[in-house]
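User: Could you walk me through this model before I go back to the bench? I would like the overall picture and then some details.

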Amino acid sequence: GWQVSMKSGSLSYILPCNRLPVQLMSQVRVYTSNGQKKDLGSQDTNGSAREETLHKAETGRQDTTNAGQKQSSPKQPIQVKVKAVLKKREYGPKYTQNNFITGVRAINEFCLKSSDLDQLRKIKRRSPHDDTETFTVYLRSDVEAKSLEVWGSPEALARERKRRKEAEIKYRENLFRNQRLLWEYKEFFGNTKPRSSTAAMFFKGPGKVVMVAICINGLNFFFKLLAWVYTGSASMFSEAIHSLADTCNQALLALGISQSARTPDPSHPYGFTNMRYIASLISGVGIFMMGAGLSWYHGIIGLLHPHPVESLLWAYCILAGSLVSEGATLLVAINEIRRSARAKGLSFYQYVVQSRDPSTNVVLLEDAAAVLSVAVAATCMGLTSVTGNPYYDSVGSLGVGTLLGTVSAFLIYTNTEALLGRSIEPEQLQRLTELLESDPVVRAIHDVKATDMGMSKVRFKAEVDFDGRVVTRSYLEKQDIEQLLQEIQQVKTLEELEAFMLKHGENIIDMLGAEVDRLEKDLKQRNPDVRHVDLEIL
């Protein structure tokens, strides 16, 4: 049983007391980070007295229980070994002595000049950008000391920061005036720059489809409006409103296309791609409000207060022309979607339902609804001409409104799903997962998320469990092993051991960062849709 307790220095021991002689090694060494050591217990008289007392008590117990019996085995001492550890260093809640900052931050945040940085220590670090391998950084402590040297005191530095902040606010307030002056200068001297990429977008792809639709629907609205004024037909009024709604919505789509081509800025680091979805969403709401709402209203008014319809000959001619023009625009949209779907390896239906190209989808659905609505309006107007009953014409207006309402509901649903950030297809996600797991440096990946940001742009995020042995071996493969072995053999003290581990530990961490960059680059190269990769280390 465990019956006798003893303390030596700061250590406690619980030792068994039956048939086991005890002899303690009471000398314990404690190492600190500066290499000093202390001997505990060797000069502790109280510890020696306690040891002697324990020995006597154990001897007495053995004499009592084993009287007359000969001891069969010699006494074996028990040795207690204590591991040497470095003293823990306290950094406090805020520690910035080892922080690196770039030259731009040093100039902006500490109000320095580029010439002030020439006198500071320059450190080459691995660049976080794809276009450069390394870039220069500075120790934050050096930059802070230099700023105090330049400005004299923290108060003076704070005043300079406040002055620059006020100047920045004033500049932003005058930004509109400055842009106006630049525009006037361009008009005066002439704009010799080549055509911008935004303007070029409307001569190919979805931009071309939208511009063709705007022109055709604008002409259709004008002629349908004349036919409604001449005949007073409710169905023709619905068709005119339909063409007006299509023209306005497609103008909104053109605005969304131009805005989506803007370059990312600090306020929108992932760009403005979703502007196409936003424009398409507003377009769907506009179709519902202007197209469906006014068509239902006019149809209900026609049912409640019917009136005879004038000659419909001109209305039929205009509807026939509208059918041809809307059909031509529909064919342009269908061909564009087929080409894009074939390039993505999707079917026509999948491409439309997933709203891969919201602008072309809106044109497709609006023109398809226009062709069907022309057929409905012509049928109802024909029944009114044959029977002389104006109710058929009002029913046609309600039918056109219902068709427009269905199209608007589909557009609102698909664009809302896209803006919410839906996941990519499971097959594509599985390929990305297998690509990471097949790399030797990766043990496992967890919490995988791949979000479709719109317009074939995917953001991939995963928690990666790296194999530290493989990373370390990759680091060792790039080192001179003989020189490294000599460094190890020269380590004699704790200070040398600490310096050796800190040096190579930091290099191994840099190697781990390089492995992360390599994996991100491989994902982007093998999957062009993946634009943003976030790999977090477990």
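**Overview, a sheet and a surface patch**

User: How many helices and strands are there in the protein chain?

Analyst: This is a predicted model, and its protein chain holds 18 helices and ten strands. Of the 538 residues in the chain, 34% count as buried.

User: And what does the accessible surface come to?

Analyst: The accessible surface of the protein chain is about 33,300 Å², and carbon and sulfur atoms account for 58% of that area.

User: OK, sheets now. What is the order of the strands in the open sheet of three?

Analyst: The order is E5-E7-E6, and the pairing is antiparallel. Strands E5 (100-102) and E6 (123-126) stand at the edges with a single partner strand each, so one side of each has no neighbour in the sheet. From one strand to the next, the twist averages 55°.

User: How many bridges join E5 to E7?

Analyst: Three bridges join E5 to strand E7 (residues 134-139), and Thr102 stands opposite Val137 in E7.

User: Which helix packs on that sheet?

Analyst: Helix H4 (residues 140-151) packs there, touching E5 and E7, and its direction makes about 55° with that of E7.

User: Different topic: which residues form the nonpolar patch on the surface?

Analyst: The patch is formed by Leu219, Phe222, Phe223 and Leu226, which together have about 410 Å² of accessible area.

User: Is Leu219 buried or exposed, and which helix does Leu219 lie in?

Analyst: Leu219 lies in helix H8 (residues 205-231), and Leu219 counts as exposed because its relative accessible area is 53%, where exposed means over 50%.

Note on methods:
Residues numbered from 1 in each chain as written. Predicted model: local features only at pLDDT ≥ 70, side-chain atom pairs only at ≥ 80, totals over all residues. Heavy atoms only, no water. Patch = residues over 30% accessible without salt bridge, like charges linked within 9 Å, V, L, I, M, F, W, Y side chains within 5 Å. Areas by Shrake-Rupley, 256 points an atom, 1.4 Å probe, with all protein chains shown as cover. Salt bridge = Lys/Arg side-chain N within 4 Å of Asp/Glu carboxyl O. Helix = DSSP H or I, 4+ residues; strand = E, 2+ residues; numbered from the N terminus. Buried < 20%, exposed > 50% of the residue type's maximum accessible area, 1.4 Å probe, protein only. Pairing = 2+ DSSP bridges. Axes fitted to C-alpha atoms, helices over the stretch in contact; angles between N-to-C directions. Contact = heavy atoms within 4.5 Å.
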